[in-house]
Amino acid sequence: MAKITAGIGCSHVPAIGAAFDQGLTQEPYWKPLFDGFEPARDWIRKHKPDVAILVYNDHGSALTLEMIPTLAIGVADEFKPADEGWGPRQVPVVKGHSALAWHLAETLIINEFDMCVLNTLDVDHGLTVPLNITCGKVDEWPFAVIPIPINVVMFPIPTGDRCWRMGEVIRKAVEAFPEDLNVVVFGTGGMSHQIHGERSGMINRDFDTAFLNDLTRNPQRLRHIKHEEYTTLAGAEGIEMVMWMVMRAALGDNKVREVYRHYHVPASNTAAGLIILENDDLHNPKPAGKARAARPKAKTKAKAKAPAAARPGRKGKVPAKKAVLKKAIVKKAVVKKAVVKKATGKPSRGSKAATSKAKVAAPRKTVKVAKKVPSKKPAARKSAARSSARKR
């Protein structure tokens, strides 16, 4: 059975990709940011995911203004890097996992998420930059990827709550997939930034820090952040963080553990955030079957030892508590018999007297049946009636 074991929240700033491609990662401006990516790459090497479900937004590369699906999923066997205006990035082709992708698409649609199914899709920096951040420079990505593009570019866009519920369905779908797979979910975009208008270049460190904290402390608060709050406090493009809700919900209601965090300002004109969350049961496994089997044994042993511990004296002696209880029961029975005898004048059914009398057979009584003697009154009445008739 497949299982989601971890979630990664990650910015996808295009300038990070450009610095990576141009070999600028150790330049003074970029070095603090890229140095913070190394622990994430170590974690990927140790964790060894088989598949990454990567939630991102296309930036007009494959999904233009002519076609803007709110929710989509790529089901192809591979996805080529998109040409974003200066040629495709020189990164490996992204390998898909078609079987799991189709299973996700079917489950999501049955659960009333109307997915746009993409049989072909070129992926831009929204997907490839998070792969560079977590995998570094490689000849081949170390895991398969299922792209899930969400529209956060043109209003109306889905709410954080909608994205959360989508993550819940993704979790159920993955757990129902029969192949044994280690699955990681990426939520990408953000953090606070705005790239146009009077507030261009705005960054809100306090908002970002609270957001990262509440991924483990209070994710339900994040789930219900309104669009207006995102745009006001995190900038117009900060609303990309609704996609992190898919990742967090896919980890389930159980507790999650933050294993790594990196936050850097600025990366170009954006606050760059990276966080890795693991399901807590990876560190504290609870084998339900074994736990249930052990409990009855512990209780049985306790019951067996209790009488032995209560025997202070020789073998066969009644424990003190039981002796006191037995005396109380006998005393109560004697009182009850006395009350019954006083009220009826007879011994109670359970008494010795009643028992002894019941054993002695009572002598049989001979009953004589008297003959019926006719009454004289009717005859007297007849004679009186005759005499009165004669007189007349």
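Is Cys163 buried or exposed? Cys163 counts as buried, at 1% relative accessibility, where buried means under 20% relative accessible area, exposed over 50% and partly exposed in between (1.4 Å probe, protein chains only).

Before the exercises, two notes on the model. It is predicted, so local features need pLDDT of at least 70 and side-chain atom pairs count only at pLDDT 80 or more, while totals for chains, interfaces and linings use all residues. Residues are numbered from 1 along each chain as its sequence is written, and side-chain values use heavy atoms, with hydrogens and water left out.

**Exercise 1. Describe the surroundings of strand β2 (residues 51-56).**

Step 1: Start with burial. 6 of the 6 residues of β2 are buried, so the strand is largely enclosed by the rest of the structure. Helices (H or I, at least four residues) and strands (E, at least two) are DSSP runs, numbered from the N terminus.

Step 2: Sort the residues by face. Val51, Ile53 and Val55 lie on one side, with Ala52, Leu54 and Tyr56 on the other. In a regular strand the side chains alternate between the two faces of the sheet.

Step 3: Find the neighbours, remembering that two strands pair if DSSP finds at least two bridges between them. β2 runs parallel to β7 (residues 144-149), joined by 6 bridges, and pairs in the parallel sense with β8 (residues 182-188) over 5 bridges. Val55 stands opposite Ile148 in β7 and opposite Gly187 in β8.

**Exercise 2. Work out what surrounds helix α7 (residues 205-217).**

Step 1: List the buried residues. They are Phe207, Asp208, Phe211, Leu212, Asn213, Asp214 and Leu215.

Step 2: Look for their cover, taking contact as heavy atoms within 4.5 Å. The cover includes α8 (219-223), α9 (227-234) and β10 (270-279).

Step 3: Follow Asp214 outward. Asp214 is buried, with a relative accessible area of 12%, and forms a salt bridge with Arg221, the closest N and O atoms being 2.6 Å apart. Here a salt bridge is a side-chain nitrogen of Lys or Arg within 4 Å of a carboxyl oxygen of Asp or Glu. Arg221 itself is partly exposed at 31%.

**Exercise 3. Trace the salt bridge between Arg223 and Asp161.**

Step 1: Check the distance. The closest N and O atoms of Arg223 and Asp161 are 2.6 Å apart.

Step 2: Place the partners. Arg223 lies in α8 and Asp161 in α6 (residues 160-175), so the pair ties together parts that are 62 residues apart in sequence.

Step 3: Compare burial. Arg223 counts as buried at 14%, and Asp161 counts as buried at 18%.

Methods. Expected span 1.5 Å × (residues − 1).
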